[in-house]
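Please open the structure in a viewer and keep the selection panel at hand. The tour below proceeds by selections, each followed by a description of what is found there.

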Amino acid sequence: MPATETAAKLKLSRKQYLDLYYFMRLNREVEDTMTRLFRQNKIVGGLYSSLGQEAISVGSAYALEKKDWMAPMIRNIGALLVKGVPPRDIFTQHMAKYTSPTKGKDGTSHFGDLENLHIVSPISMLGDLIPVLTGVAMAGRYLGQKIVSMTWIGDGGSSTGVFHEGLNLAASQKAAFVLILENNQWAYSTPVRRQVPIENLADRAKAYGIASYIVDGNDVVAVYSTAKEAVERARAGEGPILIEAKTFRRRGHAQHDPAEYVPKEQREFWEKRDPITLYEKFLLAQRLLDAKGKKEIEDKMTALLEKEREFAENSPMPPPELASTGVYCTGDDCHKIQPKWERPIEEVSPPKSSVEPVWTVEGFGRGKSSSRENALIHFGDTQPAVEAPVNSPKSSGKPVAKSPAHKAAPAKVSAARGKARR
Amino acid sequence: MAPVTFLEAIRQAMFEEMAADPSVVLIGEDVGVYGGAFKTSEGLLEKFGWERVIDTPISESAIIGAACGMSYLGLRPIAEMQFIDFIACCFNQLTNFVARGHYLWNAPAPIVVRGPAGAGVHGGPFHSLSPEMYFLHTPGFKIVYPSTPYDAKGLLKASIRDNNPVLFFEHKFLYRRSKEELPETDYIVPLGKAAVRREGKHLTILSYAAMMHTSLEAAAALAKERIEAEVIDLRTLLPLDEETILQSVRKTNRCLVVHEDTKTGGIAGEIAAILFEKAFHDLDGPLVRVASLDTPVPYAPTLEEAFLPNTQKVFAAAKDLARF
């Protein structure tokens, strides 16, 4: 279903419209503040910009509920803000302060919160979060929590091996997992057309037997409504869903990179499609926002960021003795995470197993033999498809590929009867 | 009580921990319907169901990633590598993601990664590996490599209950060859504690896994020549039980390390460094290493035999060392 139809169906409330606006603005302001800090040499390491991609971070994370889980990537600061991370955590992380979530042990958006916000920390190696968030979804189902997990991957990261392993495991487990493939057209200096010889990365979903969407990544309402639909489908047990959000990376890979390899025309095209400018026009036109409301939001944001930045700047660096601590989880209180059961424990074991999470397909198609006949492939636990007789009037003299039997061939994917199969 | 094989000890440990704690699950290739390539999980699917005994596609990185993700919601997954050689396929997921989680962002990952390791059964270059040292260099793991059924069961139970990622190596040569009677009651063997398998005063032989048995055989032969070797089973390589090692070496003043892992970069080098740092004046002779050749594990029995340490090699090295 096109995102616009869904959006119409969703009927966002005024508050939701303004939330999306606020978080996109906050996303950009947080990053602009950090750019200033970077120029003042107050950011210890690299700084990665999501300029022009705010609609994706904000719109997709806004589709999650509080109990849901997510793992951001480096350009998903907007998602962190939506999930409830205060800007000070982002500032202190980048400034390697003792008050940061990792106490200065790691930087950027490499931090998480298992207990409250349900955020898994990313690492720099791409794709690894996909199986991790699949595991989160599997555990959530096992415990009966009805949660959805979400992570992001770039066009670049979609070429990793673990992207395949993770998405295939998610599909085979029918995990309640949503993957946002943020196609910003550049993996550092390599354009997407030199990474993959296909137009739509979402097409890959077909190979995993899962549903997918393609959305304008600079249209926050489209991103939100698509993500919302995907999250609810995943929660309802339809399995993992891939959303490709098309956008453009307007800055270099990081602050050091002027991105001179990007064609001028491409940059200009996308600068005219700034997601915040576009959305602001929409809100003003729809009278969801006026000059007064805009100023209120800006004042609120400025006051907040001023306070948060000051907190970060005034925070100390970690004491050197911290370096040797924390490799192992030791002591009785280091591991506080207890499984939160929301289904009867006896349901997980035979004979009372009650969840049916795995896919099964009714057939495995057919392959052409040397005599140009079709060799059926099917599983013993389903009925084999009926093959048209080789010499029947319909098939004789015609290429096999056009026979009616072949038309019926694509495997129907259906919700599992895992219990029955075993 | 009938004696229990090493393999059955592993199965019992998983069975008992899963029966006692619904947060324990098993995930891996062919662990369910088939019961594992070596049948270490036979009967688990029937007892605990497919939500807890999870057959996966051939995707080691995904197995580790998923196990780690499951642990974030309070589960204690056991992830099986069908052969431990395949742990190389998920090296990134283990070393960069799993091992660093607690140090970096306070995220403990109580998972156990276990699987059949080691040579001596003609498994060839891709089914015989001893990959423990790849991971010893990664802060964040605990590494266990038992040599007896009693230890295998007790250490695996302790590993499952541990709040850190534990790499648990099971020597497949011992699976059906090593048997002993096990207590009927629940017990654990704590991680990080070595065991003195034979007391002696002339030299210390440090070993683990299958080579521990080789070392004991060599020690018996040495005793006939009135050389009393003290044989210590390291059991856990990380954390290493320095106290027991130092105590023994301070008594015998000589140290021989025997391991099946290849020589260069094997744990003997690390132990040598520890002894030089902490027991330099107690040593009467050089630290001697008996280890596998610095080659891949070859397939032909004649080559594999040449590759591996054996009783004669340990005996000869120990006898030389005892002369100092």
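**Chain B as a whole**

Of the 324 residues in chain B, 60% are buried. The model is a predicted one, and this should be borne in mind at each stop. Display the whole of chain B and colour it by secondary structure: 12 helices and 14 strands appear. The radius of gyration of chain B is 19 Å, close to the 20 Å that the globule rule gives for 324 residues, and chain B is therefore as compact as a globular protein of that length. Its C-alpha trace spans about 60 × 45 × 40 Å along the principal axes. Among contacts in chain B between residues at least 6 apart in sequence, 80% join residues at least 24 apart.

**The open sheet**

Next, select strands S9, S11, S10, S13 and S14 of chain B. These 5 strands form an open sheet in the order S9-S11-S10-S13-S14, with mixed pairing. At the edges lie S9 (195-198) and S14 (288-292) of chain B, each of which pairs on one side only. From one strand to the next, the twist averages 25°.

Now add helix H12 (residues 311-322) of chain B. This helix lies across S10 (203-207), S11, S13 (255-262) and S14 of chain B, and runs at about 170° to S14(B).

**Strand S11 and its neighbours**

Narrow the selection to S11 (residues 229-233) of chain B. Is S11(B) enclosed by the rest of the structure or open to the outside? In S11(B), 5 of the 5 residues are buried, so the strand is largely enclosed by the rest of the structure. Show the side chains: Ala229(B), Val231(B) and Asp233(B) point one way from S11(B), while Glu230(B) and Ile232(B) point the other way, and all are buried.

Turn first to the pairing with S9(B), which is antiparallel to S11(B) and joined to it over 3 bridges. Arg198(B) has Val231(B) in S11(B) as its bridge partner, and Val196(B) stands opposite Ile232(B). Then select S10(B), which runs parallel to S11(B) and is joined to it by 5 bridges. Here Ser207(B) is found opposite Asp233(B) of S11(B).

**The side of chain B that touches chain A**

Display both chains and select the residues that meet. In chain B, 37 residues are in contact with 49 residues of chain A. Helices H3 (60-71), H4 (91-98) and H5 (101-105) of chain B each supply at least two residues of this side of chain B. Which of the elements gives the most to the side of chain B that touches chain A? It is H3(B), with 8 residues. By class, this side of chain B has 20 nonpolar, 15 polar and 2 charged residues.

**A helix crossing between the chains**

For the last stop, select H3(B) together with helix H7 (residues 161-173) of chain A. Two packed helices are described by the angle between their axes and the distance between the axes. The axes of H7(A) and H3(B) come within 8 Å and cross at roughly 65°, in a right-handed crossing. On H7(A), the contact is made by Gly161(A), Val162(A), Glu165(A), Gly166(A) and Leu169(A); on H3(B), by Ser61(B), Ala62(B), Gly65(B) and Ala66(B). The residues of this contact between H7(A) and H3(B) divide into 4 nonpolar, 4 polar and 1 charged.

Conventions
Residues numbered from 1 in each chain as written. Chains lettered and ligands numbered in written order. Predicted model: local features only at pLDDT ≥ 70, side-chain atom pairs only at ≥ 80, totals over all residues. Contact = placed C-beta atoms within 7 Å. Helix = DSSP H or I, 4+ residues; strand = E, 2+ residues; numbered from the N terminus. Nonpolar A, V, L, I, M, F, W, Y, C, P; charged D, E, K, R; others polar. Axes fitted to C-alpha atoms, helices over the stretch in contact; angles between N-to-C directions. Left-handed = near helix turned anticlockwise from the far one by under 90°. Rg over C-alpha atoms; globule rule 2.2 N^0.38 Å. Buried ≥ 20, exposed ≤ 12 C-beta atoms within 10 Å, placed from the backbone. Pairing = 2+ DSSP bridges.
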